[in-house]
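I opened the notebook to look up a few points in this structure, and I set them down in the order in which I checked them.

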There are 2 protein chains.
Amino acid sequence: MRILILGAAGMVGRKLTDRLVEEGQLNRQAITRMILHDVVEPVAPPAPFEVTALASDFSQPGEAERLVASRPDVIFHLAAIVSGEAEADLEKGYRINLDGTRFLFDAVRRVGDGYRPRLVFTSSIAVFGAPFPEAIGDEFFLTPLTSYGTQKAIGELLLADYTRRGFFDGVGIRLPTICVRPGKPNKAASGFFSSIIREPLNGQEAVLPVPEDVCHAHASPRSAVGFLVHAATIDTDEIGPRRNLTMPSVSVTVAEQIDALRRIAGDKVASRIRREPDPDIMRMVAGWPRRFDASRAESLGFRAEKSFDEIVRLHIEDELGGRIAG
Amino acid sequence: MRILILGAAGMVGRKLTDRLVEEGQLNRQAITRMILHDVVEPVAPPAPFEVTALASDFSQPGEAERLVASRPDVIFHLAAIVSGEAEADLEKGYRINLDGTRFLFDAVRRVGDGYRPRLVFTSSIAVFGAPFPEAIGDEFFLTPLTSYGTQKAIGELLLADYTRRGFFDGVGIRLPTICVRPGKPNKAASGFFSSIIREPLNGQEAVLPVPEDVCHAHASPRSAVGFLVHAATIDTDEIGPRRNLTMPSVSVTVAEQIDALRRIAGDKVASRIRREPDPDIMRMVAGWPRRFDASRAESLGFRAEKSFDEIVRLHIEDELGGRIAG
């Protein structure tokens with residue numbers, strides 16, 4: 001079992017790598033080789049099999065061919081320019097998120113000779129744009145309102161067509177907001193959903209830029225890795241031709257997030273959130289999906305948390321070694 | 001008012017050209033120049049303004065830039081590899097239908113300097129794939145089951161994103177099957193819907209490759225041109241950010257098509273249809289949409305025929321000078 005991870009240096013890519021190394025197998029087949037790729041060289045962890053870490057721009061001619069030359073059995077395509085940057089730099093976003101994805105798909109196709117890997121593509125709930133129904137179901141149409149969402153929607157279409165034609169066995173998974181993101185605050189407009197939990201637990205103040213009645217859909221980093229592994233091992237005959245799936249998530253208001261934090265870590269921790277409304281972020285958040293009915297993914301065995309309390313507890317367990325700054 | 005038509009040598013392109021030359025204006029502005037482009041040189045009709053006919057492959061570097069250099073006010077993008085050929089030749093289909101479209105959009109974007117033309121893009125009901133609801137509404141999701149449909153769906157997404165970003169003022173129109181197509185059959189698998197009307201009216205035998213209970217959505221060539229002109233002149237503020245519209249159509253079974261032919265042209269004409277089931281075409285047709293609820297387009301003033309009888313009569317009037325081969 002040979003595995004290629006594109007975007008391996010990102011948060012989800014690193015956690016996926018760690019899980020695969022720890023388990024040593026995927027779909028009950030021993031992993032014999034892993035190629036980790038990103039635009040900056042990923043850290044290759046110690047492993048009982050060969051791990052190769054590569055850095056390059058996979059939207060450059062020949063790069064995708066090089067990456068698939070060893071005919072990996074499973075390809076995880078997590079590489080992307082994130083939403084804010086894809087909006088700020090149109091050409092870069094289209095070059096990486098559209099061209100890069102297409103070069104990868106074409107490189108797989110051109111191997112030919114019966115090569116047909118499982119290809120897991122991370123799409124995003126950014127493929128949906130307001131106005132929405134109360135809960136976005138599996139048949140809601142794609143109406144992205146960002147270039148990033150447009151590029152992900154195009155990736156989904158290409159994935160379905162190339163799968164239909166038999167070039168690979170693709171599964172596209174639309175990730176909700178991953179919360180609680182470990183590490184430093186990032187510049188994403190959605191970053192506050194994580195920082196209002198992460199910073200108070202670290203004894204630091206967090207800024208909340210939106211009203212507490214804002215509702216949003218979350219899944220933990222552990223669930224994100226679970227989605228990827230499940231997508232890589234599921235019997236795709238069960239999925240059929242509609243290969244892109246909205247992943248399960250927990251929808252809660254910001255008030256409910258803070259309630260969960262207070263229940264688990266106490267009033268003192270929860271008091272470290274400072275309200276500082278930001279009209280720009282409020283306007284962006286107003287156009288984001290709030291709730292999903294992910295029936296298809298659930299019936300196919302994809303699982304997320306059932307409550308935000310669970311998400312907070314997983315963060316404390318996975319990132320803080322069970323300790324909270326009191 | 002300068003107008004550029006890409007795909008001008010095709011059936012709809014020629015009819016659009018003829019109508020614009022005849023009317024001499026678009027949106028109450030006198031036409032001063034028309035550029036007709038296709039992969040084979042379009043015929044430039046006599047006109048009271050400059051008409052330039054050009055032949056080139058617009059998916060080649062620099063071609064799209066050349067075409068938009070004169071800053072046309074309205075661009076009709078009708079150029080495409082049709083469904084059968086896009087399925088048979090994957091690379092050609094993606095090169096023309098995806099890359100060509102994107103090169104055109106990027107060429108318009110790069111003109112900059114306040115240039116923001118109206119851009120009318122012909123999409124197709126092939127963006128939809130089975131299974132369907134009884135009638136496909138304006139919010140049904142895109143699930144193409146052909147590479148052609150995938151390429152058109154990608155064009156729609158690009159059109160919406162580039163319009164949102166202000167590079168042009170785009171309107172995408174999803175054409176139903178245009179019937180009755182005049183002239184010789186093209187490579188589209190849907191060709192028989194026209195030939196079972198056209199050939200009998202010409203005194204020739206037509207082959208029907210599917211059962212008579214197959215239901216399909218049609219609009220006349222005259223309506224197709226009407227859709228294009230309306231899309232070029234409509235107040236796009238009324239459309240909002242969801243820029244791709246399913247056009248109105250008449251849904252009838254093949255049996256109802258033949259009944260209409262019989263009512264209008266008699267038993268002898270209708271008897272010129274030979275049943276010769278083709279499993280390949282039957283399988284493709286099984287995945288095609290049957291009926292649409294085109295409420296948005298209708299509320300925006302797009303109009304098609306109300307019955308298939310009307311479609312047959314228009315063909316006899318527009319193409320046969322009112323005469324039927326008895």
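Is A:Asn244 buried or exposed? This is a predicted model, and in it I found that A:Asn244 has a relative accessibility of 13%, so I entered the residue as buried, the cut-off being under 20%.

I then looked up where A:Asn244 sits, and found it in strand β12 of chain A, which runs over residues 244-246. I followed its side chain next, and noted that it reaches the backbone oxygen of A:Glu156 at 3.1 Å. A:Glu156 also appears among the residues in contact with A:Asn244 once neighbours within four places in sequence are left aside, and the others I listed are A:Leu159, A:Ala160, A:Gly172, A:Arg174 and A:Arg296.

**The interface**

I turned to the contact between the chains, to which chain A gives 35 residues and chain B gives 35 residues. The area buried between chain A and chain B came to about 2900 Å², with carbon and sulfur atoms giving 53% of it. On the side of chain A, I noted that A:Phe141, A:Leu157 and A:Arg242 lose the most area to chain B, and that together they make up 23% of what that side buries.

For the charged pairs, I recorded ten salt bridges between chain A and chain B, and I wrote down one between the side chains of A:Arg109 and B:Glu91, at 2.9 Å from N to O. For polar contacts across the interface, I recorded 26 residue pairs, both residues of each pair being at pLDDT 80 or more.

I also looked up which elements of chain A carry the side that touches chain B, and those giving two or more residues are α3 (83-88), α4 (90-111) and α5 (147-164). Of the elements, α5(A) gives the most, with nine residues. Sorted by kind, the residues of this side of chain A divide into 18 nonpolar, five polar and twelve charged.

**How the copies are related**

Lastly, I checked how one chain is laid on the other, and found that chain A fits chain B with an RMSD of 0.5 Å after a turn of 179 degrees and a shift of 0.2 Å along the axis. I therefore entered the two copies as related as by a two-fold rotation axis. In chain A, the C-alpha nearest the axis belongs to A:Phe141, at 1.9 Å from it, and A:Phe141 is also among the residues I had noted for losing the most area to chain B. My last entry is that the same surface serves both copies, since 100% of the contact residues of chain A recur in chain B.

Conventions:
Residues numbered from 1 in each chain as written. Chains lettered and ligands numbered in written order. Predicted model: local features only at pLDDT ≥ 70, side-chain atom pairs only at ≥ 80, totals over all residues. Heavy atoms only, no water. Contact = heavy atoms within 4.5 Å. Buried area = accessible area lost by both parts, 1.4 Å probe. Salt bridge = Lys/Arg side-chain N within 4 Å of Asp/Glu carboxyl O. Polar contact = N/O pair within 3.5 Å; in protein donor to acceptor, adjacent residues only side chain to side chain. Helix = DSSP H or I, 4+ residues; strand = E, 2+ residues; numbered from the N terminus. Nonpolar A, V, L, I, M, F, W, Y, C, P; charged D, E, K, R; others polar. Least-squares fit on C-alpha atoms with pLDDT ≥ 70 in both. Buried < 20%, exposed > 50% of the residue type's maximum accessible area, 1.4 Å probe, protein only.
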